[in-house]
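Me: I would like to go through this model by asking how each label is earned. Please set every value against its definition before concluding.

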Amino acid sequence: MPLKILQTNFHRDWNGQVARIFLLSRELRRRGHEVVIAAPAESALIERARAAGIPVFTAVRFPKMGRPIAFLRDAAALARLIRAERFDWLHTHGSQDTWCTIAAARLAGRPAPILMTRHNTKPVRFHSFNRWLYGRAIDRLVVVSGGALENYRRFFDAGLLAPDEISVIHSSIDMERFGRAPDAARIRRELGVGERTPLIGLIGRVSKDKGHEVLLAAAPRILREFPEAIFVFAGKEGRILGPIIRETVRKKGLERSVRMLGFRADVLDITAALDVSVLPAVGTDSSPAVLKEARLLGKPIVASRIGGLAEIVLDGAGILVTPGNADELAEAIIATLRGRDGGEDPAREFPQQFTPGFMCDAYLRVYGEIRNKERRADG
């Protein structure tokens with residue numbers, strides 16, 4: 001039977017979490033289910049949803065905690081929507097929208113189960129609010145990588161959660177974006193480099209977690225082996241960290257070898273132009289699309305052994321290194337560049353678990369499990 005599902009999200013910008021919500025919602029609608037997305041009116045998710053014909057609800061702001069009047073206003077608005085639409089499934093994706101949805105569901109008489117997807121792999125604090133949240137307030141938890149399960153160890157030990165009751169569902173990439181062949185040659189022309197110039201790319205927003213500084217620390221060692229190599233950084237820079245990275249490039253004398261492209265909409269073309277896709281994450285990284293896209297394009301990967309990255313870099317698709325170890329990172333990149341003419345294609349069969357259809361199937365199974373559990377509880 002067709003389902004009616006509410007998706008909630010507080011982010012304004014486009015990111016991996018937002019992309020996952022959009023792709024899941026689009027796939028659900030293609031299968032005949034109804035979806036409404038609740039998010040701030042000016043958010044990238046709302047813009048993309050409207051363009052795709054997905055119904056939206058924008059009478060919410062989902063502010064950070066500490067603004068009780070705004071929180072209650074959002075909860076009341078969301079409760080009215082929940083009562084009017086009679087959703088089968090309330091699906092939350094972030095802390096701010098989760099707490100608001102919990103409050104709204106109670107105001108509305110809790111008419112539907114709450115499923116929460118946790119998108120990052122940051123440690124989960126074991127305080128009383130989280131114990132109530134995971135132990136009683138939500139009906140099911142989904143995480144985006146197997147590595148994230150360790151963050152709930154204290155909840156397992158306390159009997160608040162069971163590992164087999166948490167579903168691991170990886171994020172998908174948008175397969176429709178591969179409807180045309182990426183234009184790698186255009187990117188190389190833009191950069192002013194030839195076909196044989198080694199291109200090493202880190203695609204992602206400039207942040208402490210992504211490891212830009214580690215790659216810059218590894219750059220001199222790499223340049224001794226491959227003096228013509230170019231390091232490509234593509235991603236939103238921000239007002240603080242962007243200038244810091246640019247200053248680091250200047251201090252290290254790497255201006256000729258580093259190209260900072262800022263936010264780009266043509267990341268598939270950039271990835272296709274690379275000789276190695278690098279993600280030297282040092283904080284947390286859950287299930288990044290950039291590595292999956294590199295896999296699909298047959299690009300070798302060098303990434304940190306952290307979060308869910310090891311679950312993507314498998315089957316010989318790349319090399320995993322210790323987070324924060326610039327020497328190890330440099331050696332892995334050098335080995336990859338040396339082997340680029342070895343004739344071995346790093347692209348294996350693309351894992352179906354990273355496709356929208358697989359992700360949608362997994363969520364529908366989770367929902368069915370929730371409903372069956374409710375029926376058993378009702379007698």
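The exchange below takes the overall form, then two residues, two helices and the cysteines.

Reply: This is a predicted model, in which local features need pLDDT of at least 70 and side-chain atom pairs count only at pLDDT 80 or more, while totals for chains, interfaces and linings use all residues. Residues are numbered from 1 along each chain as its sequence is written, and side-chain values use heavy atoms, with hydrogens and water left out.

Me: How do you know whether the radius of gyration of the protein agrees with that of a compact globule?

Reply: The radius of gyration is taken over C-alpha atoms, and the globule rule is 2.2 Å times the number of residues to the power 0.38. For 379 residues the rule gives a value near 21 Å, and the protein has 22 Å, so the two agree. Along the principal axes, the C-alpha trace spans about 70 × 45 × 40 Å.

Me: How many helices and strands does the protein have?

Reply: Helices are DSSP runs of H or I with at least four residues, strands are runs of E with at least two, and both are numbered from the N terminus. The protein has 13 helices and 13 strands.

Me: Why is His91 called buried or exposed?

Reply: Buried means under 20% relative accessible area, exposed means over 50%, and partly exposed lies in between, with a 1.4 Å probe and protein chains only. The relative accessible area of His91 is 0%, and therefore His91 is buried. By the same definition, 55% of the 379 residues of the protein count as buried.

Me: What makes the pairing of the His91 and Thr117 side chains a polar contact?

Reply: A polar contact is a pair of N or O atoms within 3.5 Å; within protein, one must be able to donate a hydrogen and the other to accept it, and residues adjacent in sequence count only if both atoms are side-chain atoms. The side chains of His91, which lies in strand β4 (residues 89-92), and Thr117 make such a contact at 2.8 Å. The side chain of His91 also makes one with the side chain of Gln7, at 3.2 Å.

Me: Why is Ser167 called buried or exposed, and which residues does Ser167 touch?

Reply: Ser167, in strand β7 (residues 166-168), has 12% relative accessibility and therefore counts as buried. Contact means heavy atoms within 4.5 Å, and, not counting residues up to four places away in sequence, Ser167 touches Arg140, Leu141, Val142, Val143 and Val366. The side chains of Ser167 and Arg140 are also joined by a polar contact of 3.0 Å.

Me: How do you know where the buried residues of α7 lie around the axis?

Reply: In helix α7 (residues 184-191), the buried residues are Ala184, Ile187, Arg188 and Leu191. They cover an arc of only 95° around the axis, which means that they are on the same side of α7; the arc is that of the directions from the helix axis to the C-beta atoms. These buried residues pack against β8 (199-203), β9 (230-234), β10 (258-262) and α10 (267-273). Just after α7, Gly192 takes a positive phi of about 75°.

Me: What covers the buried residues of α2?

Reply: In helix α2 (residues 44-51), Ala44, Leu45, Ile46 and Ala49 are buried, and their cover includes α1 (16-30), β2 (34-38) and β3 (56-57).

Me: How many disulfides are counted, and why are Cys100 and Cys360 called buried?

Reply: A disulfide is a pair of cysteine sulfur atoms within 2.5 Å, and by this rule the count comes to 0. Cys100 has 1% relative accessibility and so counts as buried, and Cys360, at 0%, therefore counts as buried too.
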